[in-house]
Amino acid sequence: MFRSPKSTFALVLFACLAPGVSYAQDYQIGTAATAVEITGWDIDIRPDGKGLPAGSGNAVNGEETYETYCASCHGVFGEGEGRWPVLTGGEGTLSDDRPVKTVGSYWPYASTLFDYIRRAMPFNAPMSLNDQQVYDITAYVLYMNDIIEEDFELSQDNLAQVEMPNQDGFYVDNRPDVSNPRCMTDCADPDSMMMQSSLAGVTPIGHFIEGADAPAASHSGQDELEASKEAERKAAITGEEVVAPVAKEATAMSAAAMVGEATYKAACGVCHTSGLAGAPKVGDADAWSERIQQGTDLLIIHALEGYAGSEGYMPAKGGRADLSDEAVTNAVLFMVESQQ
Amino acid sequence: MTQIKLPMTTPSTQQLLQTMQDASEHLSINDRRDFLRRGVSYVAGAAAVGGATIASATGLSSNLPPNEPIWSRQLGTGVVENPYGLPSRHEAQVVRRTVPWLTAESISSISMSPIQDLKGIITPNGLVFERYHAGVPDINPDEHRLMIHGLVDNPLIFTMDDLMRFPSVSEIKFLECPANGGMEWRGPQMEALQFTHGMLSCCEWTGVPLKVLLDAAGVQTEGKWILAEGADGAHMSRSIPMEKILDDTLVVYAQNGEMLRPEQGYPLRLLNPGWEGNTSIKWLRRIEVGDQPWHHREETSKYTDLMADGRARRFTFVQECNSVITTPCPENPILRKGFIEVEGLAWTGRGTIKGVDVSFDGGVSWHPAKLKGLVLDKALTRFSFSTHWQGEPWLIQSRAYDETGYVQPTLAQLREQRGVNSIYHKNSIHTWQVGPTGEVKNVQIT
């Protein structure tokens, strides 16, 4: 068919037409943005001051505005409430074990503060503050960080000249910064290797705690420690007295109970940490007190031989027939002594 | 507390199973799954004492050969029962999860993809990890606009219809939060793969190269950076250098074949392949061309990497070569001795994965793994190593290397260069400890 003259003609015709149909890169899609439209959306500020609106503000006026719109999360002194961002303090801590990154200690440019307050704050009502309020709050936060004087009139003309303490603390990404050869054999000395298992409470710094970088990251394993550190840190800012938290006294456990912990975790915890199948939860004093009154010996017998009560079943050895009587006994002791 | 004393008997397997099933109804999905998984072996152990097995126990076998299962003896549900289909109810545990104590507020928080349960390299849309700075806006696409202005000859405004008229491209790219793994600079603490590596997803994205849109606006010669800004309450903003845009930045409106999910920026987002996820601005509404970066909050206060000396790196855009083993992992313990396909994911923001090695002895010796399926630029790449496990302890690791020759580093190497306070970009070799009963723990080797 393709050999017929007619088809050849059709192909030639198509080839001639094709370029004229559409290979244009000039899409002519979209409409011109007007100056008014651009002005309405162009909210960004740069370190050189480009984008700042006309106007000015100061910390004297900023104090009341800050306390109205900001203090509920950031604290009256910028110390941060709960896990909300800390705004003040932290100078000189950036190379510490637990650095405190705040506007004063970390942020390189004052323009960022104006830009961020305007685009995103208050958290529950972004873009609701007028330019005057943003200037006032910006001035107040800078003043709280001892960067400007209380009566300094922060303005469109001088904000870019405000020098931030950590202005020179940044440099552009220089990765890759490590070189790991693709070794295949004898790559490490097995005798000198150290293994670290999961630790509670090692969260470095709270990236997701939106600014409460150093101190507020919390974890059950270190709540107490963090609470006391947090109290000290806040006291340093607010001048309040530190109330030392009362430490819980650790109770001694028998050697057998300590040995039993491993068995508990491996075999018993399935039900006894969550209370499944009517199992008394470890740490639930109400659930355990009456049982303990019946005598530890009876509890051990129930654990070894099984037990059926109104609230659930305890299969013999928790269904782990492979466990020795001694291991089960030690696990029971661990659970009992954990209540005391 | 009074307790009715029943005759002391050892419960039957069926009673025990029923009790456990009933008890598990009150649990969260995660607890329940764990409970039932462990419960089954628990019951199996109890039953084995009596000389029985699960399959032959009364009440458990009616759906197993030689019996005809219940679902084969009746009709199922009809078409459009679920106009937008859902996973099987038996997969209800495959969900995004968060770490509640991480954040003050879920509106500005993160969730992780269940990468321990996913197959291949594509993340289903409902499971792509979430990161919001002011929550998910509910945007009417008819009223959404993209504005391009600044150092351009023709400032433009595009409607969604406009953008979808441009010739489209579809590309499979990973997306990762630079804080992925960042909770473990000081030590291991997340007993689940979902929490150690789940700020990671990979989709097929459809949209328009940003350079095509910038060409339409006519970038002036001084234009070296852009500011990308979202329409969410945070007006999330990042500065992006022009070289990246000329290379591969996309403006996308679809993922995995459908319009973007609200969580992923519906109706429009930026996509900077291989770069830290926050630069791929969601709910994209504005692009301004300028001659220098803006140094906004999310590129100064956040997303900068504090080094041990107190100085910080900025514009740390690239997600360096990384990998992790997904089978086994804490959520996927080894269930029985014998054959096991060790599997995992590898990815690099610098191009394609060239290979992955695995170690079973904590990094003393290494063995090349096989790359499976598609091996694409800046996409998740799946690797596999078939072996046998006979109950021996493993310290299992994976180590990826990419087309630039960069080899995934050890944690010790990263710590030596950076200290432990940089939060972001922890791409070190990860270790799982496999115990004698197949359980898997998160550990670190130094």
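Me: In this predicted model, is Asn256(B) buried, partly exposed or exposed?

Reply: A residue is called buried if 20 or more other C-beta atoms lie within 10 Å of its own, exposed if 12 or fewer do, and partly exposed in between. Asn256(B) has 19 C-beta neighbours inside 10 Å, and therefore counts as partly exposed.

Me: Where does Asn256(B) lie in chain B, and what is the sign of its phi?

Reply: Most residues other than glycine have a negative phi. Asn256(B), although it is not a glycine, has a positive phi of about 50°, and its place is the loop between β7 (250–255) and β8 (258–259) of chain B.

Me: How should I read His235(B), whose phi is also given: is it buried or exposed?

Reply: His235(B) is not a glycine either, yet its phi is positive, at about 45°. The residue sits in the loop that runs between β5 (225–230) and β6 (237–241) of chain B, and because 25 C-beta neighbours fall inside 10 Å, His235(B) counts as buried.

Me: Which residue does a cis peptide bond join to Pro176(A), and where is Pro176(A) found?

Reply: Most peptide bonds are trans. In chain A, however, the bond joining Arg175(A) and Pro176(A) is cis, with omega about 0°, and Pro176(A) is found in the loop between β4 (170–172) and β5 (195–197).

Me: What is the peptide bond from Thr327(B) to Pro328(B), cis or trans?

Reply: That bond, from Thr327(B) to Pro328(B), is cis, and its omega is near 0°; Pro328(B) has its place in the loop between β13 (322–327) and β14 (338–347) of chain B.

Terms used
Residues are numbered from 1 along each chain as its sequence is written. Chains are lettered from A and ligands numbered from 1 in the order in which they are written. This is a predicted model: local features need pLDDT of at least 70, side-chain atom pairs count only at pLDDT 80 or more; totals for chains, interfaces and linings use all residues. Helices (H or I, at least four residues) and strands (E, at least two) are DSSP runs, numbered from the N terminus.
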